Amino acid sequence: MTKQLLASLAFVLSLICLVTVGSTETGAAEKPNVLLILVDDLKPAMGCYGDPHAKTPHMDALSARGMRFDAAYCNQAVCAPSRFTLMLGSHSTSTGLYGLGSQLRQVMPNAVTMPQHFAKHGGYRTESLGKIFHIGHGNHGDPESFSVPHFKEKVIEYVEPASTDGGKLTREEAFFTNQKLGQIRSLPRGAAYESPEVDDSAYADGRVAEETIRRLRAAKSRLDSEGTPFFIAAGFARPHLPFSAPKKYWDLYDPQTLPMPQHEQLPKDAPPVAGKRGGEITNYKPVPEKANAEFSEELKCDLIHGYYASMSYVDAQIGKVIDELDRSSLADNTIVVLWGDHGFHLGDLGIWTKHTNYEQANRIPILIVAPGVTAAGSSTKQLAESVDLFPTLAELAGLPAPQGPQSVDGVSLVPVLQDGSARVRDHAFHAYPKRKLGRAIRTDRYRLVQWMPYDGGGDIAYELYDYEADPLERENLAARQPEVVERLSKILQTYPAPMKRGG
């Protein structure tokens, strides 16, 4: 080989090296986009979580792209507080934001939410659509969190006039639109379910999906022209009541094959404060209004059918959004998270909806697709909490860890995303305020709930459940296993004293 040829070859190799290094540096500088998908009242009754009845092909496909968390828990099983925990990375016991009407900026005017952190430290354009922060019950969300005005949509919605007594304002519609809040009991009840033959866009979730697609297209154009990364939070209302969904989703199911409640009594020896009868569901017809009324088998079947149909409806909307992410060539640099704000009782323990410290109200789905980090089709049994998503997403995006000024109670799950067998916590924490404050510890095997008066005085009651021996929570074992109560109580003692109710 001649010297001239060798020199030419060396020059070509040097150019290749320069191009490769330059491309690597450019790629490293690119911040990943974030698509945060929030689903109201979604329990892990999905195909990817092993539910043989669920028709959820799009969420299942999303799970197959990344990591599924099999032991994820919300921090409080009700809409507004749960969403505060997600966006602040803070337990409700750290903030005092326990209620549906809690006002974030009145209680914590300088709090830095997840989207604010991404905008400040990463230059992200942050947008929100549908149900992100809870709006209703006197709460108006948090406009300060996002770069552009929120795309608001309905949560309570009907198409058929019979569902609203001919178009009247119903109780739950009033709650969720901040109307006549002092006159709720005088208003008619809306239907618990309807199934008209309509297009997907007849209901809010279809419109949220359409607008999210438009936002993704605009974000792609902005990314190409300006290099601005996006943080888009898209919130879907179903399967929150009412179970309003187009008929084609109801038709996916034979109601006679759907799972009915296995155990409908409250746990033996559980303190009265822990139980629930009635509540939210009594604002819907034809549900009996008396708290302790029996539900007919037909009504139970209709409600369970409605939940699954509504879940399939929202699944289809999520599929449309993910299809656009692929079509726009955004998927390779977009972190996608699917999160349910809390679980949902479907007649188990005789309870409907949420608002408890029991398993079905608190276990949630979390799916995370992080390109270059998560292995396709992976899963983990790592206990995880809603508060963990803020520090996790910040680390994935290469941003500083969130520092508040609010207490940041979450831990980053990035080590787990890299290796599903890694462990970053040995329990999950959640709480629910009733006549007493119930604080709970969930380990791989047990749940301990401590019910304490708000002033710290008076009698303390405990619940203990062993999910290896009693997954249906038939019996409170606290009196029979004091050594386990003592061991788990020591974990609770490591947490700061709970804040009083605020906002």
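Begin by selecting R68 and Y49, where the charged end of R68 sits over the ring of Y49, at 5.7 Å from the centre of that ring. Keep in mind throughout the tour that this is a predicted model. A second arrangement of this kind can be found by selecting R442 and Y467, since R442 lies over the face of Y467, 4.1 Å from the ring centre.

Next, turn to the aromatic rings, which form 15 aromatic pairs by the rule applied here. One of them to select is Y253 with Y308, an edge-to-face pair whose centres are 5.7 Å apart and whose planes make an angle of 65°. The pair counts as edge-to-face because this angle of 65° is over the cut-off of 60 degrees. Where do Y253 and Y308 lie along the chain? Y253 belongs to the loop between α9 (247-250) and β10 (284-285), while Y308 belongs to helix α10 (residues 297-327), so that the pair links distant parts of the chain, 55 residues apart. If you display the surface, you can check that Y253 is buried, with a relative accessible area of 6%, and that Y308 is buried too, with a value of 3%. Now add F243, Y307 and F344 to the selection, and you will have the one aromatic cluster that these residues form with Y253 and Y308.

Stay with helix α10 and add helix α8 (residues 204-226), whose axis comes within 9 Å of the axis of α10 and crosses it at roughly 10°. Because of this crossing angle, α8 counts as roughly parallel to α10. To see where the two helices meet, show the side chains on both sides of the contact, including A209, I213 and L216 of α8 and V314, Q317 and V321 of α10.

The next stop is the cysteines, and it is worth asking how many disulfides a search of the whole structure finds. The search finds zero. A disulfide is a covalent bond between the sulfur atoms of two cysteines. Select C48 and C74: the sulfur of C74 is the closest cysteine sulfur to that of C48, yet the two are 18 Å apart, which is too far for a bond. C74 itself is in no disulfide, and its nearest cysteine sulfur, that of C79, is 10 Å away. Both C48, with a relative accessible area of 13%, and C74, with 0%, are buried.

From C79, extend the selection to helix α3 (residues 79-88), which is mostly covered, with 10 of its 10 residues buried. Among these buried residues are C79, R83, F84 and M87. Just after the helix comes G89, whose phi is positive, near 70°.

Now select L349, which lies in the loop between β12 (345-346) and β13 (352-353). Is L349 buried or exposed? With a relative accessibility of 1%, L349 counts as buried. Setting aside its neighbours within four places in sequence, you will find L349 in contact with residues that include H263, L266, P267, Y358 and L472. Draw a distance from L349 to D199 as well, and you will see that their C-alpha atoms are separated by 36 Å, with their places 150 residues apart along the chain.

Finish at P496, in the segment after α14 (482-492). P496 is exposed, with a relative accessible area of 61%. A last distance, from P496 to S94, shows C-alpha atoms separated by 7.7 Å although the two residues are 402 residues apart along the chain.

Methods
Residues numbered from 1 in each chain as written. Predicted model: local features only at pLDDT ≥ 70, side-chain atom pairs only at ≥ 80, totals over all residues. Heavy atoms only, no water. Phe/Tyr/Trp six-rings, centres within 6.5 Å; stacked < 30°, edge-to-face > 60°. Helix = DSSP H or I, 4+ residues; strand = E, 2+ residues; numbered from the N terminus. Buried < 20%, exposed > 50% of the residue type's maximum accessible area, 1.4 Å probe, protein only. Lys NZ or Arg CZ within 6 Å of the ring centre and 35° of its normal. Disulfide = S-S within 2.5 Å. Axes fitted to C-alpha atoms, helices over the stretch in contact; angles between N-to-C directions. Parallel < 35°, antiparallel > 145°, perpendicular 65-115°, else oblique. Contact = heavy atoms within 4.5 Å.
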